[in-house]
Amino acid sequence: MSTTDHIVHTSTGASAAVSTAVSASVSTEVSTTASTAVSASASAGADVVFTGGAVYTVDAGRSRASSVAVRDGRIVAVGHDEVRALIGARTEVVDLAGKLLIPGFQDAHVHPVGGGVEMGQCDLSEHETLAEYRQAVRAYADAHPDLEWITGGGWSMEAFPGGLPHRSMLDELVPDRPVFLPNRDHHGAWANSMALRLAGITRDTPDPADGRIERDADGEPTGVLQEGAADLVGRLLPALTPEDQVAGLLRAQRLLHSLGVTAWQDALLGAHANITDASAAYLTAADRGQLTARVVGSLWWQRDRGIEQIEDLLARREAGTRGRLSCTTVKIMQDGIAENFTAAMLSPYLTACGCASDNSGISFIEPQALRRYVTALDAHDFQVHFHALGDRAVREALDAVAAMRAANGWKDTRPHLAHLQVVHPADIGRFRELGASANMQPLWAAHEPQMDTLTIPFLGAERAAWQYPFGELARSGATLVAGSDWPVSSPDPIQGIHVAVNRRIHGSDSPVFFPEQRLDLHTALAAYTAGSAYVNHLDDTGSIVVGNHADLVVLDRDPFAAPESEIGATRVLETFVGGERVFGA
């Protein structure tokens, strides 16, 4: 269906008499506050009225409506046929034609600028096999003969034995220029021999404290650089220009709007690995009127510095809060990922034979120091956004939140922990007790090759069952929020919701991944709307109630009316931010 298939314009006006009728007939499904607001605003026509379909409001009662009116970017009425009284001569009427209107999705952990930039480089994210990667790298190098470096990224570890490609594969394709390609999760990178040589990486180069140089049986670097080791090459890359980053941001914004995302939290604003600080790109887009999404920026905590950097962060917060951009959060990355054994675990990883290894992962910040830093940040009214993937990192982050609460009391800073791949059962209840939100990336909670071959065997059966415990967290009363971590995985909230409910990827016939951790559709959708709005401090978004911003999405069907196995077939038709259409299918 095209946008014009369900949009008509009317020329009827609203009268004073209509005001009383509207006030009297608002459905009991909508709050008393909403009814009062409708009465007060009914004397003027709305800018937009959505009608003729279902409205899922995501309010406390999970109520339904069938019509919504918007004026000056805000919702002024929610109800049924009585809302049509607000249709005036200049009102745009969006005929939902039986489709579903919901609040805009919000992504609580995403990397839009990096993802958008990579879309314009050697983008491997749409490919899956070594043969496809070879073809894409060769084609990109041939198409860009003047580029000094070949970079981009997005390869998947599961395409290679043990998750590890080799420099020789790139040497064959591009022997005359350096190549540096971060993998899909951006916790490692693949480099060719020329890139290693330019960085001075040899068999004698020690591993950095926060990373690992993969080596072959003879001790020679293989070309895979894990975590902080990727910086050894990444720091040599030609710097992105500001316009490169603005272009990446706008490319990403178009993609996210097409998927119904109206707001997000950028999980890394700062310089890290081969990532260039995107703060200036956001400010440029905001100043030009090009930033249509609502954005919270997570300022990067530099783990090689200490508490003295807070003064810099305060200055960046003041300079970076403008229009729809608010840089009020600090991102602390406490550990790595399970697939390369850098996620911080309470007990060691297993080896390929099922024996205990001597590796329990990396805590990037010493736990006592983490408590001091988090307490100081909270005292300055910063929200803290933790990367906490392993069970030790989750516990260290929760311990830091506990220390912060003890020192500062309960402040409305809304800390949240992202990823939560392995959570010890003893820590489940602490999320609610401490007011720490659980930031899920639901797409990862499914059987797929990376999980089945590179993760479960090295965790063991007991810890594998502690992965992505969304159901337990929900039952414990934790606040659930959701994000994608794009470009690590798809930014499509509908696919994430599908996995959160089904614990399998849409279209897959794989076994259900720990079915006791499934969420119902109401809870999963609320996490992507009201939940993420809460953690983003966007309290006047995330639900369709009078007074909220008209950040809205039209879906092509009502997923509540179909089998749960079909949720992933749902598509976004239109996206509105502040009542303005930012995407139309």
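Me: I'd like to learn how to read a pair of packed helices. At what angle do the axes of α18 and α19 cross, and within what distance do they come?

Reply: Happy to help! Keep in mind that this is a predicted model. For a helix pair, begin with the two axes: those of α18 and α19 cross at roughly 145° and come within 9 Å. Next comes the hand of the crossing, which is right-handed for α18 and α19.

Me: Which residues in α18 and α19 meet?

Reply: From α18 there are P493, G496, I497, A500 and V501, and they meet L521, A524, L525 and Y528 in α19. Sorting such a list by class is a good habit: the contact of α18 with α19 has eight nonpolar residues, one polar residue and no charged ones.

Me: Now for empty space. How many cavities of 30 Å³ or more does a search of the whole structure find?

Reply: The search finds two. A cavity is a place where a 1.4 Å probe fits but cannot get out. In this model the largest cavity holds about 60 Å³ of space.

Me: Which residues line the largest cavity?

Reply: The lining is made by F105, I494, I497, L521, L525, L555, P559, I567 and T570. You have just met two of the elements involved: α18 (493-502) and α19 (521-535) are the ones that give two or more residues to this lining. In terms of class, the largest cavity is lined by eight nonpolar residues and one polar residue, with no charged residues.

Me: What volume does the second largest cavity have, and which strand gives the most to its lining?

Reply: Its volume is about 40 Å³. Strand β7, residues 105-110, gives the most to the lining of the second largest cavity, with three residues. The lining as a whole consists of F105, Q106, D107, V261, G483, S484, P491, P493 and Y528. Here the classes are five nonpolar, three polar and one charged. Notice that F105 appears in the lining of the largest cavity and also in that of the second largest.

Me: Back to helices, please. How do α8 and α9 pack, and what should I call that arrangement?

Reply: Helix α8 (residues 242-258) and helix α9 (residues 279-287) have axes 9 Å apart and pack at an angle of about 70°. The two helices are therefore roughly perpendicular to each other. Their crossing is right-handed. On the α8 side the contact uses Q245, V246 and L249, and on the α9 side A281, Y282, T284 and A285. Those residues divide into five nonpolar and two polar, with no charged ones.

Me: What about α3 and α8: at what angle do they pack, and how far apart are their axes?

Reply: Helix α3, residues 112-119, packs with α8 at about 100°, and the axes are 7 Å apart. This makes α3 roughly perpendicular to α8. The contact is built from P112, V113, G116, V117 and M119 of α3, together with D244, Q245, G248, L249, R251, A252, L255 and L256 of α8. This time the classes include charged residues: there are eight nonpolar, three polar and two charged.

Me: Last topic: the backbone. Where is the peptide bond from W486 to P487, and is it cis or trans?

Reply: A general idea helps here: most peptide bonds are trans, and most residues other than glycine have a negative phi. The bond from W486 to P487 is cis, with omega near 15°. You can find P487 in the loop between β20 (480-482) and α18.

Me: And what is phi of H419?

Reply: Phi of H419 is near 95°, a positive value in a residue other than glycine. Look for H419 in strand β18, residues 416-419.

Terms used:
Residues numbered from 1 in each chain as written. Predicted model: local features only at pLDDT ≥ 70, side-chain atom pairs only at ≥ 80, totals over all residues. Heavy atoms only, no water. 1 Å grid on protein atoms, 1.4 Å probe; cavity = no way out; pocket = protein on both sides within 12 Å on 5 of 7 lines; lining within 4 Å. Points joined across faces, edges and corners; volume = space filled by probe spheres on them. Helix = DSSP H or I, 4+ residues; strand = E, 2+ residues; numbered from the N terminus. Nonpolar A, V, L, I, M, F, W, Y, C, P; charged D, E, K, R; others polar. Axes fitted to C-alpha atoms, helices over the stretch in contact; angles between N-to-C directions. Parallel < 35°, antiparallel > 145°, perpendicular 65-115°, else oblique. Left-handed = near helix turned anticlockwise from the far one by under 90°. Contact = heavy atoms within 4.5 Å.
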